[in-house]
There are 2 protein chains.
Amino acid sequence: MSASPTTSWADIKREVIRRISERIWRPGDLIPGEQELAQEFGCARATVSKAMRELADAGLLERRRKAGTRIAINPVRKATLEIPLVRIDVEGRGSTYRHALLSREDVPPPAHVAARLQLDAATPMLHLCALHLADEQAFAYEDRWVNVAAVPEIADADLETLSANEWLIRNAAFLSGELTLSAAEASTEDAEVLGVAPGAAIFIVQRITWNATQPITLARLAYAPGYRMHTSI
Amino acid sequence: MSASPTTSWADIKREVIRRISERIWRPGDLIPGEQELAQEFGCARATVSKAMRELADAGLLERRRKAGTRIAINPVRKATLEIPLVRIDVEGRGSTYRHALLSREDVPPPAHVAARLQLDAATPMLHLCALHLADEQAFAYEDRWVNVAAVPEIADADLETLSANEWLIRNAAFLSGELTLSAAEASTEDAEVLGVAPGAAIFIVQRITWNATQPITLARLAYAPGYRMHTSI
DNA sequence: ACTCGTATTATGTCTAGACATAATATTGAT
DNA sequence: ATCAATATTATGTCTAGACATAATACGAGT
């Protein structure tokens, strides 16, 4: 009957999911402790613990020391979004990637950029605009501000061959970041670069990354109409 | 000097991140094995292992048995999107939530819905349209198809007081699902319900959920303009 | 050279037990 | 009855060691 002689953490995870989905354990219920479950499944407590921690990370369980583990009432399911390089994204769709640097300027940031990065408006920054193409079709328009103090070497970088997107990932690994997804109507600039009608609905990804002490970059990616971000839960 | 007497997995994680961000270990580099690192940090192999697994899950490292662990060349960073109930989302923004059921029909699905759920076009389904409001303002318009065979009890459910969104989460915990994020121009229907101009750019979330054997529901949520999805990396 | 089987190796999983920590429950003092 | 100190308890972390598994490296035979 059973696939393996011993009980693995994956077996336990499956069994717990089964009990939840068959409503043997219902939302809000307190379930047995690790000790008890370990005895039931005939395995070590650590094995049960790993399974439970995974389910808690996925949002299905809520665990608190001393209080125990219960089935989440309002499960806040967590979906993992993969954020690849634009090049990898394009190539993953079976298209040929190319990128074009449209502009590169050393200028102080506008107020909204400075505010978003918590920088002074006089901070020297590099402003880049680039177009990512898939099979020579506009794929995404990138508008990026780079905090030169955080990555001084970018001043000498050739961003024509390697996109800023890629250069930064290779040369300035970030520690933390923020991602904001939204929909917007194409500005005249967006429309012109992407070759769509002004006002067309486009998908916007805004990304901010930080190293240990300071902001590295703020990027706004405007995707050509039809772009979808996909993930499984 | 050191904060704690023993080395914890979190300490190791921080140290590895430091070595990556200070380019002591560079993209593509093979780093020492768990055994060796455990010796360096003066802890058990399992402790190193946990730290490394977390970093690999986050996309910073690539690990393969026998081949060892190396710094990711094209780090596909993973952002965790939290998918709360619309009610929790609204309440989390400090607004008062209300929902209104606009229509409820037992009808067979249109071709694109049937195809998306891998169901026969003759399968009995429940079609629901509802509006989620925040402080009496349109927040999101939900267009949902429910596979009645998967949750027969929904036939008798009162979906006026509890939204279908919430009813399904409480009564039909799903095992897996898909999420598609996109931008679209508001259809005349979207525009009318949300009270925006037709053609306005709106953020669309399409969700499909499955139980162990069959699809449960397909939902399209059209958010009022200005909606942003936010996450940290 | 080339292929196939075998040895080796780094990560993956598991165990059994110890101690740490957070949160609740209980008790004692006021 | 109320509040603070203390005991209890379930999860969280760590250790040391064993075995499993995947993937490479190596060597024998052709």
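Colleague: In which helix of chain B does B:Arg87 lie?

Modeller: The model shown above is a predicted one. In it, B:Arg87 belongs to helix α4 of chain B, which spans residues 86-92.

Colleague: Is B:Arg87 buried or exposed?

Modeller: A residue counts as buried when its relative accessible area is under 20%. B:Arg87 has a value of 18%, and therefore it is buried.

Colleague: With which residues is B:Arg87 in contact, leaving aside its neighbours within four places in sequence?

Modeller: They are A:Asn74, B:Tyr97, B:Glu166 and B:Arg170. With B:Glu166 there is also a polar contact between the two side chains, at 2.7 Å.

Colleague: A:Asn74 belongs to the other chain, and that leads to the interface. How much area do chain A and chain B bury between them?

Modeller: The size of an interface is often given as the accessible area lost when the parts come together. Here chain A and chain B bury about 4500 Å², and 59% of that area is on carbon and sulfur atoms. On chain A's side of this burial, A:Arg77, A:Arg170 and A:Ile233 supply 13% of the area buried against chain B, more than any other three residues.

Colleague: How many residues does each chain bring to the contact?

Modeller: Chain A gives 52 residues and chain B gives 51 residues.

Colleague: How many salt bridges and how many residue pairs in polar contact are counted between the chains?

Modeller: The count of salt bridges between chain A and chain B is zero. For polar contacts, the count is 17 residue pairs, with both residues at pLDDT 80 or more.

Colleague: Which elements of chain A give two or more residues to the side that touches chain B?

Modeller: Among them are the helices α1 (9-21), α3 (45-57), α4 (86-92) and α6 (164-171), and the strands β4 (77-83), β8 (176-185), β9 (201-210) and β11 (228-232). The largest share, ten residues, comes from β8(A). By residue class, this side of chain A divides into 27 nonpolar, twelve polar and 13 charged residues.

Colleague: Which strand of chain B is joined to β4(A) by bridges?

Modeller: The partner is strand β4 of chain B, residues 77-83; seven bridges join the two strands, which run antiparallel. Within this pairing, A:Thr80 stands opposite B:Thr80.

Colleague: Turning to pairing within one chain, which strands of chain A are joined to β10(A)?

Modeller: In a regular strand the side chains alternate between the two faces of the sheet. Strand β10 of chain A covers residues 215-223, and eight of its nine residues are buried. Strand β7 of chain A (residues 137-147) is joined to β10(A) by seven bridges, in antiparallel fashion; one of the pairs is A:Arg144 with A:Ala219. Strand β9(A) is likewise antiparallel to β10(A), with eight bridges between them. There A:Gln206 has A:Arg220 as its bridge partner, and a hairpin of four residues connects β9(A) to β10(A).

Colleague: A last point concerns backbone angles. What is the phi of A:Lys66?

Modeller: Most residues other than glycine have a negative phi. A:Lys66 has a phi near 70°, a positive value in a residue other than glycine. This residue lies in the loop between β2 (61-64) and β3 (68-71) of chain A. With a relative accessible area of 85%, A:Lys66 is exposed.

Colleague: Where is B:Lys66 found?

Modeller: B:Lys66 is in the loop between β2 (61-64) and β3 (68-71) of chain B. Its phi is near 70°, again a positive value, and B:Lys66 counts as exposed because its relative accessibility is 87%.

Technical notes:
Residues numbered from 1 in each chain as written. Chains lettered and ligands numbered in written order. Heavy atoms only, no water. Contact = heavy atoms within 4.5 Å. Buried area = accessible area lost by both parts, 1.4 Å probe. Salt bridge = Lys/Arg side-chain N within 4 Å of Asp/Glu carboxyl O. Polar contact = N/O pair within 3.5 Å; in protein donor to acceptor, adjacent residues only side chain to side chain. Nonpolar A, V, L, I, M, F, W, Y, C, P; charged D, E, K, R; others polar. Pairing = 2+ DSSP bridges. Buried < 20%, exposed > 50% of the residue type's maximum accessible area, 1.4 Å probe, protein only.
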